[in-house]
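Colleague: Hi! I'm new to this one and would love a quick tour. Could you pull it up for us?

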Amino acid sequence: MSNPFDLTGRAALVTGGNGGIGFGIARGLAEAGAMVAIAGRNTAKNSKAVAELEALGAKAIAVEADVSDEASVAAMTSQVAERFGRIDILVANAGINIRKPPEDYALAEWHQIINANLTSLFLCANAVLPAFRAAGAGKIITIGSMSSIFGGAIIGPYAASKGAVVQFTRSLAVAWAKHNVQVNSILPGFIDTDLTRGGRQSAPEMFARIVERTPAGRWGQPEDLAGLAVFLASRASDFITGTAIPADGGYSIQL
Ligand code: NDP
């Protein structure tokens, strides 16, 4: 029997795949056999990530794109479809955070976070649907957070966006089951990336508490997300949709 996790011949688009969690996932998908397109705004980071994926023997491309911009998302998706001839997997991973008390955000900052983390999912999911419908199947993996479950004093707009990512994931899963599209969310725990490095410096006591509270007793690394992403991208998960699965070293199940 063939390996149910094998992604040979599949084409994946990973937004924010040029670093951090996105790169960890892109690498996992490539190692499982997929062709991988990574999308990000920074061309230097894009080129470096593609070179690393190619060094693994993977077919990889980079697309410069801003996922909060409708025209940019449309151009990104058509470039990937053209270069690979198909799109089977979307990992809607790109995201940002700005940390401060709720009363200190400018409205523009609120919109910036919601657009990058949530509107981007709306845009990217709708942009890949035609390719999925043409193929008769598709997989979408969204990236939530511990803040999809918990609130935090200096992450209000981020937590609002990540809670909504999970609810939109469920709605997409219900709506597109008839197209044989499965839509699931990964809720990463605390992962060592550029995104969290700044916060660790500005609120060290909060970040020390995180390790104390995590049963695994450590921060996660980007590669800790790869196995779950491969599972959710593969036919092994064809009867699984609308879920939000923590990959958090146990953070969310300890009192
Ligand atoms: P990084 O800052 O390391 O990576 C973020 C990625 O998103 C970069 O590749 C960046 O590329 C890309 N990106 C950001 N904004 C845009 C945009 N508008 N258009 C295109 N690409 C964009 O962060 P992480 O790897 O930590 O975060 C990845 C995801 O995981 C995010 O959704 C984050 O919320 C989530 N997450 C992270 C956790 C953690 O502990 N690290 C915990 C829970 C969730 P570029 O700058 O080139 O555009």
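Colleague: Thanks! Let me start with a detail: which residue just after H1 takes a positive phi?

Modeller: That's Gly-33, with a phi of about 110°. Before we go on, this is a predicted model, in which local features need pLDDT of at least 70 and side-chain atom pairs count only at pLDDT 80 or more, while totals for chains, interfaces and linings use all residues. Residues are numbered from 1 along each chain as its sequence is written, and side-chain values use heavy atoms, with hydrogens and water left out.

Colleague: Good to know. And what do labels such as H1 stand for?

Modeller: Helices (H or I, at least four residues) and strands (E, at least two) are DSSP runs, numbered from the N terminus.

Colleague: OK, how many residues does H1 have, and how far does it reach?

Modeller: H1 has 12 residues and reaches 17 Å from its first C-alpha to its last. That is close to the 16 Å expected at 1.5 Å a residue, where the expected span is 1.5 Å times one less than the number of residues.

Colleague: Why do you call H1 largely enclosed by the rest of the structure?

Modeller: Because nine of its 12 residues are buried. Buried means under 20% relative accessible area, exposed means over 50%, and partly exposed is in between, using a 1.4 Å probe and protein chains only. Among the buried residues of H1 are Ile-21, Phe-23, Ile-25 and Leu-29.

Colleague: Let's switch to the ligand. How many residues surround it, and which are the closest?

Modeller: There are 29 residues around the ligand, and the closest are Asn-18, Arg-41, Asn-93, Tyr-158 and Thr-193. A residue counts as near if one of its heavy atoms lies within 4 Å.

Colleague: What polar atoms does the ligand meet at Asn-18, and how far away?

Modeller: An N or O atom in the side chain of Asn-18 is 2.5 Å from an oxygen atom of the ligand. At Ile-21, a polar backbone atom is 2.8 Å from a ligand oxygen. A nitrogen atom of the ligand lies 2.9 Å from a polar side-chain atom of Asp-66.

Colleague: And how much of the ligand does the protein bury?

Modeller: The protein buries 94% of the 880 Å² that the ligand exposes when taken alone. Those areas come from the Shrake-Rupley method with a 1.4 Å probe; for residues, only the protein chains shown count as cover.

Colleague: Which elements give two or more residues to that shell?

Modeller: They are helix H1 (20-31), helix H5 (156-176) and H6. The largest share, three residues, comes from H6.

Colleague: How does the shell divide into nonpolar, polar and charged?

Modeller: It has 11 nonpolar residues, 13 polar and five charged. Here Ala, Val, Leu, Ile, Met, Phe, Trp, Tyr, Cys and Pro count as nonpolar, Asp, Glu, Lys and Arg as charged, and the others, Gly among them, as polar.

Colleague: Back to Asn-18 for a second. Where is it, and is it buried or exposed?

Modeller: Asn-18 is in the loop between strand E1 (11-15) and H1, and it counts as buried at 13% relative accessibility. Its side chain also has a polar contact of 2.9 Å with the side chain of Asn-46. A polar contact is a pair of N or O atoms within 3.5 Å; within protein, one must be able to donate a hydrogen and the other to accept it, and residues adjacent in sequence count only if both atoms are side-chain atoms.

Colleague: New topic: how far does H4 reach, and where does it bend?

Modeller: Helix H4 (residues 107-135) has 29 residues and reaches 41 Å, close to the expected 42 Å. H4 bends by about 45° at Asn-115, the bend being the angle between axes fitted to the seven residues ending there and the seven starting there. Gly-136 follows H4 and has a positive phi, near 80°.

Colleague: Which residue has a positive phi although it is not a glycine?

Modeller: Asn-180, at about 60°. Asn-180 sits in the loop between H5 and strand E6 (181-188) and is partly exposed, at 34%.

Colleague: Last one: what does the side chain of Asp-224 join up with?

Modeller: A polar contact of 2.9 Å joins it to the side chain of Arg-218. Asp-224 is in the loop between helix H7 (204-213) and helix H8 (226-233).
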